[in-house]
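User: Please take a close look at one part of this model, namely any place where side chains of opposite charge pair. Then set that part against the rest of the chain.

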Amino acid sequence: MGILSWTWFVGVVLLLGYAAIRYLRFRKNVQASIRIRDGIYVCDNIRTPFILGVIRPGIYLPSDMDEVQTDNVIAHERAHLSRLDQVWKPLGYCLLAVYWFNPLCWLFLKKFLADLELSCDERVLAKLGADRAKEYASSLLESRQGATVFVSAFGGAKIRTRIKNILSFKKLTWFSFMVFVALI
């Protein structure tokens with residue numbers, strides 16, 4: 001039992017240590033960023049937009065983005081902030097770190113992160129309207145590098161799934177909502 005306990009403990013330390021090193025590396029990369037608005041920064045050292053921080057999160061954008069893409073990305077990242085995803089993602093990762101030996105926890109975290117991205121896409125499209133879905137999808141394709149658990153990146157989750165959902169997005173009508181409630 002002692003060997004198993006130590007193995008579990010080493011696994012927890014390794015996973016949390018890895019996350020801490022990644023977080024510090026991201027922090028170092030954005031030190032030279034320039035604030036353009038309240039909580040929004042532009043940086044030359046990054047390739048994809050993301051949110052960094054839990055208590056006072058900031059939205060970091062690459063310096064080579066155009067205005068339309070910037071507006072779409074900011075809308076997406078603000079959807080994450082309004083849902084407190086910068087808190088939920090690290091909590092999910094901490095659960096994984098504790099239960100790392102369970103393969104279902106790895107699957108849970110992967111699906112959880114993908115669902116966060118999909119729900120933020122839906123929230124943004126509900127505000128923007130379905131007529132701007134192609135524009136939003138193209139912004140996603142142009143900035144599709146990955147995310148980590150402590151850093152929420154605009155291009156996280158499976159791009160094909162997100163693009164498919166974005167292009168087939170339809171706003172929920174009052175009638176379909178009532179049918180949905182009746183079915184439940």
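Analyst: Buried here means under 20% relative accessible area, exposed means over 50%, and partly exposed is what lies in between, with a 1.4 Å probe and protein chains only as cover. By that rule aspartate 85 is buried, because its relative accessible area is 1%. The model is predicted, so local features need pLDDT of at least 70 and side-chain atom pairs count only at pLDDT 80 or more, while totals for chains, interfaces and linings use all residues. Residues are numbered from 1 along each chain as its sequence is written, and side-chain values use heavy atoms, with hydrogens and water left out.

The pairing in question joins the side chains of aspartate 85 and arginine 83 in a salt bridge, 3.4 Å from N to O. A salt bridge is a side-chain nitrogen of Lys or Arg within 4 Å of a carboxyl oxygen of Asp or Glu, and the count by this rule is 1. Side chains of opposite charge can pair when their charged atoms come close. The two partners sit in unlike surroundings: aspartate 85 is buried at 1%, whereas arginine 83 is partly exposed at 26%.

Leucine 84 lies in the loop between α2 and α3, the latter covering residues 85–98. Helices (H or I, at least four residues) and strands (E, at least two) are DSSP runs, numbered from the N terminus. The phi angle of leucine 84 is near 60 degrees, a positive value in a residue other than glycine. With 44% relative accessibility, leucine 84 counts as partly exposed.

Other charged side chains gather elsewhere. Asp66, Glu67, Asp71 and Glu142 form a negative surface patch. Asp and Glu count as negative and Lys and Arg as positive, with His and the chain ends not counted. Patches take residues with over 30% relative accessible area and no salt bridge, joining like charges within 9 Å and nonpolar side chains (Val, Leu, Ile, Met, Phe, Trp, Tyr) within 5 Å. A charge is placed at NZ of Lys, CZ of Arg, CG of Asp or CD of Glu. One member of the negative patch, aspartate 66, is in the loop between β4 (58–62) and α2 (67–82). Aspartate 66 is partly exposed, with a relative accessible area of 41%.

The surface also carries a nonpolar patch made of Trp6, Trp8, Phe9, Val10, Val13, Leu14, Leu95, Val98, Tyr99 and Phe101, together about 1000 Å² of accessible area. Such areas come from the Shrake-Rupley method with a 1.4 Å probe, and for residues only the protein chains shown count as cover. Helices α1 and α3 each give at least two residues to the nonpolar patch, and the largest share, 6 residues, comes from α1. Valine 10, which is in helix α1, is partly exposed at 41%.

Helix α1 also has a covered side: Gly11, Val12, Leu15, Ala19 and Phe26 are buried. Alanine 19 has a relative accessibility of 4%. Its C-alpha is 9.8 Å from that of alanine 97, although 78 residues separate alanine 19 and alanine 97 in sequence. The 28 residues of α1 (residues 2–29) should span 40 Å at 1.5 Å a residue, and the end C-alpha atoms are 40 Å apart, which agrees; the expected span is 1.5 Å times one less than the number of residues.

Two further contacts link parts that are apart in sequence. Cysteine 120, in helix α4 (residues 103–128), is buried at 0% relative accessibility. Its C-alpha is 8.1 Å from that of glutamate 77, with their positions 43 residues apart along the chain. Tyrosine 41, in strand β2 (residues 40–43), is partly exposed at 22%. Tyrosine 41 and tyrosine 60 are 19 residues apart in sequence and 4.8 Å apart C-alpha to C-alpha.

As for the whole, the protein has 7 helices and 5 strands, in the order α-β-β-β-β-α-α-α-α-β-α-α from the N terminus. Of its 184 residues, 37% are buried; aspartate 85 of the salt bridge is buried too.
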